[in-house]
Amino acid sequence: MKNLLYLTTILLLVSCGSNTKINEDIQIGYEILKSGEKVSLNAGDVSTTEVWEKYVDAHNKKDLETIKSLNHNDIKILTPGGEINTSEEHIKFLDRWFSENNPNWKTFYMIANELTENDTLKQYVTSCHELTITEDTIQTKIAQIHDAWIVDGKVKKFYVYERPVNSND
């Protein structure tokens, strides 16, 4: 009986003293780098979704100052229509585009994910939106997937993938 008490006490002390990881890496997939190396894609820090949510909200409000404050100076944006390579270029484009198209994004989901490439942690947000563009009185709906690289609370790079929304969707 005494041995059982000792064993129970030891097990209790060991289990209480163990260092359980709270933010343990949870693999959600993989990415294949340009080098061909396959690396784990893990669940990411949800705070990156807050940055992206603020960024999308600023676009909906046409708030160029907030967008500029969330852009890295050397932001890179890759879209089906071309590439933007600086924050200044992005703001000039948006100023014109906002007035001509009155875009508005409706968010469906945001997923924080991350990977390590060359010993560097890269944090991304993958999101899905329905973009509505209004030219004159005609509205066009476009389904978009964004993949945004967030660095130090700012947007460093993002990709836009899109297709028209059909009435059957």
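Does Glu 130 count as buried or exposed, and at what relative accessibility? Select Glu 130 and take a look: at 18% relative accessibility it counts as buried, where buried means under 20% relative accessible area, exposed means over 50% and partly exposed lies in between, with a 1.4 Å probe and protein chains only.

Before going on, some ground rules. You have a predicted model open, in which local features need pLDDT of at least 70 and side-chain atom pairs count only at pLDDT 80 or more, while totals for chains, interfaces and linings use all residues. Residues are numbered from 1 along each chain as its sequence is written, and side-chain values use heavy atoms, with hydrogens and water left out.

**Stop 1: around Glu 130**

Glu 130 lies in strand 6. Strands here are DSSP runs of E with at least two residues, helices are runs of H or I with at least four, and both are numbered from the N terminus. Now add Lys 106 to the selection: 24 residues separate it from Glu 130 along the chain, yet their C-alpha atoms are separated by 5.1 Å. Show the contacts of Glu 130 (heavy atoms within 4.5 Å). Leaving aside neighbours within four places in sequence, you should find Asn 104, Trp 105, Lys 106, Phe 108, Lys 141, Ile 142 and Val 165.

**Stop 2: the whole sheet**

Zoom out and colour the strands. There are eight of them in an open sheet with mixed pairing, in the order 1-2-5-6-7-8-3-4. Two strands pair if DSSP finds at least two bridges between them. Strand 1 and strand 4 stand at the edges with a single partner strand each, so one side of each is left without a neighbour in the sheet. From one strand to the next, the twist averages 25°; axes are lines fitted to C-alpha atoms, for helices over the stretch in contact, and angles run from 0 to 180 degrees between N-to-C directions.

Start at the strand 1 edge. Select residues 27-32 (strand 1) and 38-43 (strand 2), which pair in the antiparallel sense over five bridges. Tyr 30 has Ser 40 of strand 2 opposite. Follow the chain through the hairpin, with its five residues between the strands, and stop at Gly 36, which takes a positive phi near 95°.

Then jump to the strand 4 edge. Strand 3 and strand 4 run antiparallel and are joined by three bridges. Pick Ile 77 and you'll see Ile 84 of strand 4 opposite.

Before you leave the sheet, bring up helix 2. This helix lies across strand 3, strand 5, strand 6, strand 7 (138-151) and strand 8 (154-164), running at about 145° to strand 5.

**Stop 3: His 72 and Ser 87**

Select His 72 in strand 3. His 72 is buried, with a relative accessible area of 17%. A polar atom of its side chain lies 2.8 Å from the backbone oxygen of Val 151. Not counting residues up to four places away in sequence, His 72 also touches residues including Ser 87, Lys 154 and Lys 156.

Hop across to Ser 87, which lies in helix 4 (residues 87-101). Ser 87 is buried too, with a relative accessible area of 4%. Among its contacts beyond four places in sequence are Lys 68, Asn 71, His 72 and Ile 75.

**Stop 4: down helix 4**

Now show all of helix 4. Its 15 residues reach 20 Å from first C-alpha to last, close to the 21 Å expected at 1.5 Å a residue, the expected span being 1.5 Å times one less than the number of residues. Highlight the buried ones: Ser 87, His 90, Ile 91, Leu 94, Trp 97, Phe 98 and Asn 101. Look down the axis and these fall within an arc of 140°, so they line one face of the helix; the arc is taken from the directions from the helix axis to the C-beta atoms. Turn to the other side for Glu 88, Lys 92 and Ser 99, which are exposed. To see what covers the buried residues, switch on elements including helix 2 (47-60), helix 3 (64-70), strand 3 (71-79) and strand 4 (82-84).

**Stop 5: two asparagines in loops**

Just after helix 4 comes Asn 102, with a positive phi near 45°. Asn 102 sits in the loop between helix 4 and strand 5 (104-117), and is partly exposed at 43% relative accessible area.

Finish at Asn 118, in the loop between strand 5 and strand 6 (120-135). Its phi is near 50°, a positive value in a residue other than glycine. Asn 118 is exposed, with a relative accessible area of 67%.

How values were computed. Polar contact = N/O pair within 3.5 Å; in protein donor to acceptor, adjacent residues only side chain to side chain.
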